[in-house]
Amino acid sequence: MTTPYEYAQTHKARFEDELAALVRIPSVSTDPDRVADVMAAAQWLADHMRHVGIENVEVMPTGGHPVVYGDWLHAGADAPTLLIYGHYDVQPAAMSDGWTSDPFIPVVRDGKMYARGSSDDKGQMFAHLKAFESVMQTEGKLPINIKYLIEGEEEIGSEHLYAFVAAHKEKFKADLCALSDGGFRTKDEPAITYSTRGMSYMQFDVQGPARDLHSGAYGGVVHNPALALAQIISKLHNADSSVAVPGFYDDVIQMTTEERADLAKLDMDEAGLRAEIGIPQSWGEEGYTLYERVGARPTLEVNGFVSGFYGEGSKTVLPAKAMAKISCRLVANQTPQRIYELVKAYVASITPPGVTCEVRLLNIGDPAYIDRSRDEVKAAERAYEKGWGKPPIFMRTGGTLPILATFRRELGIDSLMLDYGLITDGAHGPDEHYDLEMFHKGIATTIAYLHEFGK
Ligand SMILES: [Zn+2]
């Protein structure tokens, strides 16, 4: 009997042709002229899902671009259910951005398919459908239940997805979400990303006198709001560069020794960082590696800071107000609302008496984290060993992926990032490409995961 892996090998060329057909559809979600193309991609995907045997396939309206849903639920009530998330929309792309060939006419050069969306995320997402096909065509059934949620607005912030998921909780109910929409550092270093950071974005408004004043007439008797805000900001960090807000670190899950040893292997190199971004020296929380500071520790950053006169020449003004944009990147189990309240209380305690400082919350995003000791993560380790021939490394990313927090909040499930791309694929940039070896290994890894997940 043919195994799913053999089937995938035999049909490699066809799988690539099908992926090429999907990336030809310019489903640029941000472009109002491409609405019909985004819909065409959704329809193509729905047809293809039906074709490979996925059931209950629907193109579901969301208020924006549709979600494509499908499932296969015949493994029985005792078998676990896996939710696969991906997206079929893409970033804009034009020859004038510096592409070597038309971004919507896929060309394979040197084993890589060059086209917008080839990696992010059509190629990585399509690997999941081809794995499903390979298992169904050879074994006739799956050992687990599976659901697919493929959206069309990821590149524009998944605007309608949050309410959509909340409105369809039962439909998307599952034990875990898996997604493939990121990259390894090198081809031979498969990686599982198990945490993303959250966000608490605030604005500080300092008010001094009721109006701008003459610095000759009032300078020396008024606490200048620009100075007061600088003084407030200067107290947000301790001498060791940790965040000074009391309680800030209370809910942070401490890293284990094993975890830190693994993350140490990924550490950035100080000299390389200096050269890359042109700084004389790195900065950050003492006692943590550069990698940990970005991926595993929360931070507080000043994103903007304005006051007074900043035009050409000079103006002897004593400004009435000053404003700063301040954001915190958060890690599990910090919550954005609690961090905002802690910052607000601390700022109230350090605001000089000559001014007032209002702290407002503008934006939030929860961090996401999955415990590495869970069975589903162990299953993913075994799947990568099968698909790649070597065990994965474990990564934490410094960015924020609000959709994962939505799955946690609305569906009560964690998410696992099984990346099948490379960070060098050029996602969002010119000459985006997908290494077809990654595509085929991604299919093999998914086949293995479908078998390992329930064990
Ligand atoms: Zn993506």
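Buried means under 20% relative accessible area, exposed over 50% and partly exposed in between, with a 1.4 Å probe and protein chains only. Keep that in mind as you click through this predicted model, in which local features need pLDDT of at least 70, side-chain atom pairs count only at pLDDT 80 or more, and totals for chains, interfaces and linings use all residues. Residues are numbered from 1 along each chain as its sequence is written, and side-chain values use heavy atoms, with hydrogens and water left out.

**Stop one: the zinc ion.** Select the zinc ion, then its protein donors (N, O and S atoms within 2.8 Å of the metal, or 3.2 Å for Na, K and Ca; water is not among the atoms, so sites may look incomplete). You will find His87 through NE2, Asp120 through OD, and Asp181 through OD twice, lying 1.9 to 2.5 Å from the ion. Their spacing in sequence is H-x32-D-x60-D. His87 sits in strand E3 (residues 81-87) and Asp120 in the loop between strand E5 (112-114) and helix H4 (122-139), so this pair ties together parts 33 residues apart in sequence. Helices (H or I, at least four residues) and strands (E, at least two) are DSSP runs numbered from the N terminus.

Now colour by accessibility: His87 is buried at 0%, and Asp120 is buried at 9%.

**Stop two: Gln203.** Move to strand E10 (residues 198-207), where Gln203 is placed. Gln203 is buried, with 9% relative accessibility. Show residues in contact (heavy atoms within 4.5 Å): leaving aside neighbours within four places in sequence, Gln203 touches Met323, Ala324, Lys325, Glu358, Val359, Arg360 and Leu362.
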